[in-house]
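Here are my notes on the model you sent. Keep the structure open while you go through the points.

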Amino acid sequence: MADMPDSSSHSHDTDTLHRRGLMFILSSPSGAGKTTLSRMLLASEEEIMLSVSATTRPPREGEVDGKDYHFVSNEEFDRLVEEDGFYEWAPVFGNRYGTPKGHIREGLKRGQDYLFDIDWQGTQQLYQKDQQDTVSVFILPPSLDELHRRLTARALDSEEVVNSRMERARAEISHWAEYDYVVINDNVDACFTKVREILHAERMKRTRQTGLIPFVRELMG
Ligand SMILES: Nc1ncnc2c1ncn2[C@@H]1O[C@H](COP(=O)(O)OP(=O)(O)OP(=O)(O)O)[C@@H](O)[C@H]1O
Ligand SMILES: Nc1nc2c(ncn2[C@@H]2O[C@H](COP(=O)(O)O)[C@@H](O)[C@H]2O)c(=O)[nH]1
């Protein structure tokens, strides 16, 4: 290593130039696998934080209040809407779901990434509010038969709920072309690798790397 140039005199750490955070959205018809992929992403990426939605839907078995969702009453949801407490919200499957405002804007400036498991209505609203920080990925099932199989195998919803989600699937899939990326979730590991590659590439986008401006200035003298 003796003949390697000494880089210690550089005033920038070139591995950690400042960048803006991004809002990384995963959408899909119910049952295609976005919750599974979100959990895999959160387990493997330290720099991304889940945006925990509020919902009027009752918790499913195993879901934890404050971790999977903030489970709220209809009255509480009304109050949050009136107080302008949501970044976006939408009715889905007879319940209401919304992204609490929290500190997303400040976090993005600091370089914090946020993961959103939201539907096409919420995606459109985030795009309208802040297009430059938004990256959206639509997850498709390999077939509708497989989607039905996954919803049934998950065994968390009644047959009636599974059927109503299947009825909605075509309408949701019709929004696929509004997304930046589309990935088919056939093999979950292969799909996850693609989703993670998208996140990594988007982090490197020139317009997000705000630290490049002072770096290049210094580089050029
Ligand atoms: N590639 C895959 N192959 C087989 N099963 C899968 C695959 N991906 C996810 N699953 C399974 O399919 C079921 C539905 O997945 P998941 O709950 O992640 O879907 P979702 O899109 O988040 O649904 P919802 O919108 O209703 O929350 C789960 O039981 C999950 O383990
Ligand atoms: N527009 C929003 N959609 C959301 C939000 N949180 C979740 N969702 C979407 O709702 C459906 C159903 O979810 P489930 O957990 O009941 O199966 C799914 O498509 C989610 O992506 C939100 O805050 N805003």
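1. Start with one bridge. Met 23 has Tyr 114, in β7, as its bridge partner. This is a predicted model, so read every point below as a statement about a prediction. The bridge belongs to a pair of strands: β1 (residues 23-27) runs parallel to β7 (residues 113-117), and four bridges link them.

2. Now look at what packs on these strands. Helix α1 sits on the sheet and touches β1, β2, β7 and β8 (134-140). The direction of α1 makes about 160° with that of β7. Helix α7 (residues 188-203) lies across β1, β8 and β9. Its angle to β9 is also given: about 160°.

3. Trace the whole sheet next. Five strands form an open sheet, in the order β2-β7-β1-β8-β9, and the pairing is parallel. Which strands are at the edges? They are β2 (48-50) and β9 (181-184), and each pairs on one side only. From one strand to the next, the twist averages 25°.

4. Go back to Met 23 and check its contacts. Leaving out residues up to four places away in sequence, Met 23 touches Tyr 114, Phe 116, Leu 126, Asp 130, Asp 133, Thr 134 and Val 135. So Tyr 114 is a bridge partner of Met 23 and also one of its contacts.

5. Met 23 also belongs to the largest nonpolar core, which has 27 residues. Those that touch the most other members are Met 23, Phe 24, Ile 25, Tyr 114, Phe 116, Val 137 and Ile 139. Which elements supply at least two residues each? They are β1, β5, β7, β8, α5 and α7. In soluble globular proteins, nonpolar side chains tend to be buried together.

6. There is another sheet to find. Four strands make an open sheet in the order β4-β3-β6-β5, with mixed pairing. Why do β4 (70-71) and β5 (86-92) each have a side without a neighbour in the sheet? They stand at the edges and each has a single partner strand, so one side of each is left free of a neighbour.

7. Within this sheet, β3 (residues 54-55) pairs with β4 in the parallel sense, over two bridges. Ala 54 has His 70, in β4, as its bridge partner. Helix α4 (residues 120-129) packs on the sheet and touches β5 and β6. The direction of α4 makes about 155° with that of β5. Helix α2 (residues 74-82) lies across β3, β5 and β6 (95-100), and runs at about 140° to β5.

8. Turn to ligand 1. It is surrounded by 14 residues, and the closest are Ser 30, Gly 33, Thr 35, Thr 36 and Arg 150. Two elements give two or more residues to this shell: α1 (34-44) and α5 (144-154). The shell has three nonpolar, eight polar and three charged residues.

9. Do the same for ligand 2. Here 15 residues form the surroundings, and the closest are Ser 53, Ala 90, Tyr 97, Ile 118 and Gly 122. At least two residues come from each of β5, β6 and α4. By class, the shell holds five nonpolar, six polar and four charged residues.

10. Finish with the whole chain. The protein chain has eight helices and nine strands. Of its 221 residues, 25% count as buried. The C-alpha trace spans about 70 × 45 × 30 Å along its principal axes. Among contacts between residues at least 6 apart in sequence, 71% join residues at least 24 apart.

Key:
Residues are numbered from 1 along each chain as its sequence is written. Chains are lettered from A and ligands numbered from 1 in the order in which they are written. This is a predicted model: local features need pLDDT of at least 70, side-chain atom pairs count only at pLDDT 80 or more; totals for chains, interfaces and linings use all residues. A residue is near a molecule or strand if its C-beta atom, placed from the backbone, lies within 6 Å of it. Ala, Val, Leu, Ile, Met, Phe, Trp, Tyr, Cys and Pro count as nonpolar, Asp, Glu, Lys and Arg as charged, and the others, Gly among them, as polar. Two strands pair if DSSP finds at least two bridges between them. Axes are lines fitted to C-alpha atoms, for helices over the stretch in contact, and angles run from 0 to 180 degrees between N-to-C directions. Two residues are in contact if their C-beta atoms, placed from the backbone, lie within 7 Å. A nonpolar core is a set of buried Ala, Val, Leu, Ile, Met, Phe, Trp, Tyr and Cys residues joined through C-beta atoms within 7 Å. A residue is buried if 20 or more other C-beta atoms lie within 10 Å of its own, exposed if 12 or fewer, and partly exposed in between; C-beta atoms are placed from the backbone.
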